[in-house]
Amino acid sequence: MEKKAELVIKNATELLTCRDDSPDLIGLVKNGWVAADGGKIIAAGGAESVEPLISGSTQVIDASGKVVAPGFVDSHTHVVFGGGRVGEYFARIGKLSQEEIKRRGIKTGILTTLELTREHSLEELYDETALRVRDMIISGTTTVESKSGYGLDRDTELKQLEVNRLLEKRLPVSVVSTFLGGHGWPSDMDKGKYMDFLINEMIPFVGGSGLAEFCDAWCDEGYYTAQECGLILEAGIKSGMKPKLHEGGYSYIGGAEVAADLKAVSADHLNYDPRKSLRRLAEAGTVGAPLPGIDFAVRHERPFDPAPMIEEGLELAIATNCCPGCWCTSMPFIIILACRNHGMSSERAIRAATIGGAKALARQDSIGSIEPGKDADIQIWNLDRHEDIAYHYTTNPVETVIKGGRIAAANARK
Ligand SMILES: [Zn+2]
């Protein structure tokens, strides 16, 4: 007897499968149907392939007048942090001078967040982070990457990675954990000494703990050089962690070459990367992950330009980059920015927020699109055409979020 589905979504005005090989980038099916069972998608397409899978016990959701899409894959965040930096945000909006910021005692930068994150207990850090991750889930995110990097000491880095583990355990979301010990270095240690600690102690320890899947570093003027990033990422690879790299965000110092040489899974930011470096990334199969949220939050003087990336054949991912400098939990907002501020088409942005994000996390075999065999991570938008996700501002368009075949959020606006 043919297996019946536990869950069927029927009559979607638009089903966006976001299959990797879609010529239209989003795999649009009109009047689309999806069936899920055992947490996996078992059929997707027209009524003819799905309707026979309905039995008396199947939960059926009518999506007429709505868009059905894969859950968002938010592939770059620093969501685990203590406190916030609203004072710094308004100091920058008000264009306060460094002296004035100092005079008013406004705390700024990563080292401020480092202090607060170190001071938070594990449960305090979890509680603050879980509020943000819940906001992500109701905005359609079903997988979120989360980096450490606000401790830069052994205990706090491990505390951040432990929060990642708890988030996945307690909330209906997959959390992909990244060790970002190469985010900077503590003020009481010089860079060389910290790198020695990072490469010879922390990275082997974190790799062995199984608490992180990726190892990441920040390649930019004032942070780590391309050569230093190479050493950090190589140590990560040796300890079983796949490489990712922040590079080209505020200067270009050769990060893309290192990312390409090491076949990094993604290279993120890319504001200053020259075209030949973008080509190298594309040839290496590295995903380009430009970050519309941070360009907006800091009013970047050189917002990323997706056009040369697309022309060079780079697969793109877009992400919230949720952090104290860019308090964004909404992938729909990121899609709006990618289109309005950076000239992406809605199809390009939706792809970059789904299958593109999955590729930036090396999880394209299990998530990022709606096709048989993949996890049943699905969302329903209260919109009747996909372009509206980039056009209707401010109202959360996400009505229902399904994680592994189960309803994770239903904000139903009837
Ligand atoms: Zn980042």
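Me: Which residues of H7 are buried?
Reply: Keep in mind that this is a predicted model: local features need pLDDT of at least 70, side-chain atom pairs count only at pLDDT 80 or more, and totals for chains, interfaces and linings use all residues. Numbering starts from 1 along each chain as its sequence is written, and side-chain values use heavy atoms, leaving out hydrogens and water. H7 is a helix, and helices here are DSSP runs of H or I with at least four residues, while strands are runs of E with at least two, both numbered from the N terminus. Taking buried as under 20% relative accessible area (exposed is over 50%, partly exposed in between; 1.4 Å probe, protein chains only), the list for H7 is Lys191, Tyr194, Met195, Phe197, Leu198, Met202, Ile203, Val206 and Gly207.

Me: Where is the kink in H7 centred?
Reply: The bend at a residue is the angle between axes fitted to the seven residues ending there and the seven starting there. For H7 that gives a kink of about 40 degrees. One of the buried residues of H7 sits at its centre, namely Leu198.

Me: What covers the buried residues of H7?
Reply: Go by contact, which means heavy atoms within 4.5 Å. The cover includes two strands and two helices: E8, E9, H6 and H8 (226–238).

Me: How many residues of strand E8 are buried?
Reply: Look at what flanks E8 (residues 174–182): E7 (residues 141–147) runs parallel to E8 and is joined to it by five bridges, with Val144 opposite Val175. (Two strands pair if DSSP finds at least two bridges between them.) E9 (residues 214–219) also pairs with E8 in the parallel sense, over three bridges. E8 is mostly covered, and the buried count is nine of its nine residues.

Me: Which residue in E9 is the bridge partner of Gly182, and what hand does the crossover from E8 to E9 have?
Reply: Gly182 has Ala217 as its bridge partner in E9. From E8 the chain goes through H7 (residues 191–209) to E9, making a β-α-β crossover. With the strands pointing away from you, a clockwise path from the first strand over the helix to the second counts as right-handed. So the partner is Ala217, and the crossover is right-handed.

Me: What angle does the direction of H7 make with that of E8?
Reply: Axes are lines fitted to C-alpha atoms, for helices over the stretch in contact, and angles run from 0 to 180 degrees between N-to-C directions. Helix H6 (residues 154–170) lies across E7 and E8, at about 170 degrees to E8. H7 packs on the sheet too, touching E8 and E9, and its angle with E8 is about 155 degrees.

Me: Which strands are at the edges of the open sheet?
Reply: The sheet has seven strands with parallel pairing, in the order E6-E7-E8-E9-E10-E11-E12. Two of them pair on one side only. Those edge strands are E6 (72–74) and E12 (287–289).

Me: Which residue in E11 stands opposite Leu245?
Reply: E10 (residues 242–247) and E11 (residues 266–269) run parallel, joined by four bridges. Across from Leu245 you'll find Ala267.

Me: Which residues coordinate the zinc ion?
Reply: Donors are N, O and S atoms within 2.8 Å of the metal (3.2 Å for Na, K and Ca), and water is not among the atoms, so a site may look incomplete. Here the donors follow the spacing H-x1-H-x167-H, and each binds through NE2 at 2.0 to 2.1 Å. Two of the ligands are buried, His76 at 0% relative accessible area and His78 at 3%. The full set is His76, His78 and His246.

Me: Is Glu14 buried or exposed?
Reply: Glu14 is in strand E1 (residues 7–16). Leaving aside neighbours within four places in sequence, Glu14 contacts residues including Leu28, Lys66, Asp384, Arg385 and His386. Its relative accessible area is 4%, so Glu14 counts as buried.

Me: Why does Lys359 count as buried?
Reply: Lys359 lies in helix H15 (residues 355–360). Not counting residues up to four places away in sequence, Lys359 touches Asp20, Val265, Val287, Glu315, Arg351 and Gln364. Lys359 counts as buried because its relative accessible area is 16%.
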